[in-house]
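Please walk me through this protein model, beginning with its pockets and going on to its aromatic rings, a serine in a helix and its cysteines.

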Amino acid sequence: MPVWIYRKISSMTMPQWFSAWSAKAAIKYLKCLIWLGALIPVARLIYLGVSDGLGANPVEFIERSTGTWALVFLLLSLSITPLRHLTQQAWLIAVRRLLGLWMFAYACLHVTTYLWLDYQFDWADIVKDIVKHPYVLVGAAALLLTLPLAATSNQRAIKTLKQRWKSLHKLVYVIGILVLLHFWWLVKKDVTEPVIYSLVFALLIALRWLPFSNNRKS
């Protein structure tokens, strides 16, 4: 064992040992719960598909479901920083990227459903739909902005980009606004869901910038 590791370990008190172990265990189990929770909506869609339970318009059902879950994971990822400040549990940051990647995964499923199941990759009709319905263009813009975030969600990118990484990932706020605008324009009559998600987003932004601690690092 290297001397510096031995010195670090031997200098730790029992509460420090317990705290370090607890954080690692919490991260492990929380990531497992996130994976399980993220796979349940997909399993549900598969089950409803084979049991003929997707309703009169299966494609629309899948589009709405995957789009909603993309928004849910976006909001969950935004909740990590204020939750960390409120609880003073720094280890929560370790699951933020995983939530963001699941947001990206569901966004890709949402767009794939639109391009493949809805329009069979008929690009002429897709262009016409974009011109007719601006909410499609707004949704596409949101997806494009998630691409650099997903591509840089790894330790190598963090080390390479350094401070620029944080600046780049602030695009998540723009993405949130575009996704909510996409949702508002998509819904025609009942705006209950867009209102709820918009209020949650606004609350998370407000909590994000309130000075919960004197030493905020993220």
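The paragraphs below take up these topics in turn.

The model is predicted, and the pockets offer a convenient way into it. The largest pocket has a volume of about 1000 Å³, and its lining is made up of 41 residues, with Glu63, His110, Tyr135, His182 and Leu186 lying nearest the centre. Two or more lining residues are given by each of the elements H3, helix H4 (96–118), helix H5 (123–132), helix H6 (134–151), helix H9 (171–186) and helix H10 (192–209). Among these contributions the largest share, nine residues, belongs to H3. Sorted by class, the lining of the largest pocket consists of 25 nonpolar, eight polar and eight charged residues.

The second largest pocket encloses about 830 Å³ of space. Its lining counts 31 residues, and those nearest the centre are Thr81, Arg96, Trp165, Lys166 and His169. At least two lining residues come from each of H3, H4, H6, helix H8 (163–169), H9 and H10, while the largest share of the lining of this second largest pocket, six residues, is supplied by H4. The class division here is 15 nonpolar, nine polar and seven charged residues.

Helices H3 and H4 can also be followed through their aromatic side chains. The structure holds eight aromatic pairs, one of which joins tryptophan 69 and phenylalanine 73 in a tilted arrangement, with 6.1 Å from centre to centre and 40 degrees between the planes. These two residues, tryptophan 69 and phenylalanine 73, are four residues apart in helix H3, so about one helical turn separates them. Tryptophan 69 counts as partly exposed because its relative accessible area is 30%, whereas phenylalanine 73 has a relative accessible area of 3% and is therefore buried.

A tilted pair is likewise formed by tryptophan 102 and tyrosine 106, with 6.1 Å from centre to centre and 40 degrees between the planes. Tryptophan 102 and tyrosine 106 are separated by about one helical turn because they stand four residues apart in helix H4. Tryptophan 102 is buried, with a relative accessible area of 11%, and tyrosine 106 is buried as well, with a relative accessible area of 1%. Ring pairs link these residues further, in that Trp35, Trp69, Phe73, Trp102 and Tyr106 are joined into a cluster.

Another residue of helix H3 deserves a look. Serine 77 is found in this helix, which spans residues 58–87, and what does it touch once residues up to four places away in sequence are not counted? On that basis the contacts of serine 77 are Arg96, Leu99 and Gly100. Serine 77 has a relative accessibility of 9%, which lies under the 20% limit, and so counts as buried.

The cysteines complete the tour. How many disulfides does a search of the whole structure find? The search finds zero. A disulfide is a covalent bond between the sulfur atoms of two cysteines. As for the accessibility of individual cysteines, cysteine 32 counts as partly exposed because its relative accessibility is 47%, and cysteine 108, at 27% relative accessibility, is likewise classed as partly exposed.

Notes: Residues numbered from 1 in each chain as written. Predicted model: local features only at pLDDT ≥ 70, side-chain atom pairs only at ≥ 80, totals over all residues. Heavy atoms only, no water. Disulfide = S-S within 2.5 Å. Buried < 20%, exposed > 50% of the residue type's maximum accessible area, 1.4 Å probe, protein only. Contact = heavy atoms within 4.5 Å. 1 Å grid on protein atoms, 1.4 Å probe; cavity = no way out; pocket = protein on both sides within 12 Å on 5 of 7 lines; lining within 4 Å. Points joined across faces, edges and corners; volume = space filled by probe spheres on them. Nonpolar A, V, L, I, M, F, W, Y, C, P; charged D, E, K, R; others polar. Phe/Tyr/Trp six-rings, centres within 6.5 Å; stacked < 30°, edge-to-face > 60°.
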